[in-house]
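Work through the exercises below with the structure in view, and try each task before reading its solution.

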Amino acid sequence: MTEPCGLPEWFGRNTETWRDTIQTRDISEVVDNHDILVVHVDKRGAAARGQS
């Protein structure tokens, strides 16, 4: 999720950091440039190791 969404290397792997990115903005230009963002998550989950 980090690469397609333009998230920095220091971005955490939990729902709180994802919520902060959406609510606060100014973390990812990719997320900030869209009013709607659709994320498809497989059974392993968005924050699973090895996901990008």
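**Exercise 1. Find the partner of Arg-19 in a salt bridge, and decide whether each of the two residues is buried, partly exposed or exposed.**

Solution. In this predicted model, begin with the side chain of Arg-19, which meets the side chain of Asp-20 in a salt bridge with an N to O distance of 3.7 Å. Next, take the accessibility of each partner: residues between 20% and 50% relative accessible area are classed as partly exposed. Arg-19 has a relative accessibility of 42% and therefore counts as partly exposed, and Asp-20, with a relative accessible area of 33%, is likewise partly exposed.

**Exercise 2. State how many salt bridges a search of the whole structure finds, and describe the one formed by Arg-25.**

Solution. The search of the whole structure finds two salt bridges. Arg-25 forms a salt bridge with Asp-32, and the closest N and O atoms of this pair are 3.7 Å apart. As for accessibility, Arg-25 is partly exposed at 29%, while Asp-32 is partly exposed with a relative accessible area of 27%.

**Exercise 3. Locate Thr-21 and Val-31 among the helices, and work out how they are placed relative to one another.**

Solution. First, note that the chain has two helices and zero strands. Thr-21 has its place in helix H1, which covers residues 15–24, whereas Val-31 belongs to helix H2. Although the two residues are ten places apart along the chain, their C-alpha atoms are separated by 7.8 Å, and Val-31 touches Thr-21 as well as Cys-5, Arg-25 and Leu-37, when residues up to four places away in sequence are not counted. Then consider burial, for which the relative accessible area must be under 20%: Thr-21 is buried because its value is 0%, and Val-31 is buried because its value is 5%. With the same sequence neighbours left out, Thr-21 touches Leu-7, Phe-11, Ile-27, Ser-28 and Val-31.

**Exercise 4. Determine where Ser-28 lies and which backbone atoms its side chain approaches.**

Solution. Ser-28 is found in the loop between H1 and H2, and at 1% relative accessibility this serine counts as buried. Its side chain reaches the backbone oxygen of Cys-5 at 2.4 Å, and a polar atom of that side chain also lies 3.3 Å from the backbone nitrogen of Val-30. Leaving aside neighbours within four places in sequence, Ser-28 is in contact with Cys-5, Gly-6, Leu-7 and Thr-21.

**Exercise 5. Identify the residues of the largest nonpolar core, and follow the contacts of Trp-18.**

Solution. The largest nonpolar core holds six residues, namely Met-1, Cys-5, Leu-7, Phe-11, Trp-18 and Val-31. In soluble globular proteins, nonpolar side chains tend to be buried together. Trp-18 is in contact with Met-1, Cys-5, Leu-7 and Phe-11, and also with Leu-37 and Val-39, once its neighbours within four places in sequence are set aside.

**Exercise 6. Find which residues make the nonpolar surface patch, and place Val-41 within the chain.**

Solution. Leu-37, Val-39 and Val-41 make a nonpolar surface patch of about 200 Å². Val-41 lies in the segment after helix H2, which covers residues 29–32, and it counts as partly exposed at 40% relative accessibility. For the chain as a whole, the accessible surface comes to about 4200 Å², of which 49% belongs to carbon and sulfur atoms, and 23% of the 52 residues count as buried.

Technical notes:
Residues are numbered from 1 along each chain as its sequence is written. This is a predicted model: local features need pLDDT of at least 70, side-chain atom pairs count only at pLDDT 80 or more; totals for chains, interfaces and linings use all residues. Side-chain values use heavy atoms; hydrogens and water are left out. A nonpolar core is a set of buried Ala, Val, Leu, Ile, Met, Phe, Trp, Tyr and Cys residues joined through side-chain atoms within 4.5 Å. Buried means under 20% relative accessible area, exposed over 50%, partly exposed in between (1.4 Å probe, protein chains only). Contact means heavy atoms within 4.5 Å. Patches are made of residues with over 30% relative accessible area and no salt bridge: like charges are joined within 9 Å, nonpolar side chains (Val, Leu, Ile, Met, Phe, Trp, Tyr) within 5 Å. Accessible areas come from the Shrake-Rupley method with a 1.4 Å probe; for residues, only the protein chains shown count as cover. A salt bridge is a side-chain nitrogen of Lys or Arg within 4 Å of a carboxyl oxygen of Asp or Glu. Helices (H or I, at least four residues) and strands (E, at least two) are DSSP runs, numbered from the N terminus. A polar contact is a pair of N or O atoms within 3.5 Å; within protein, one must be able to donate a hydrogen and the other to accept it, and residues adjacent in sequence count only if both atoms are side-chain atoms.
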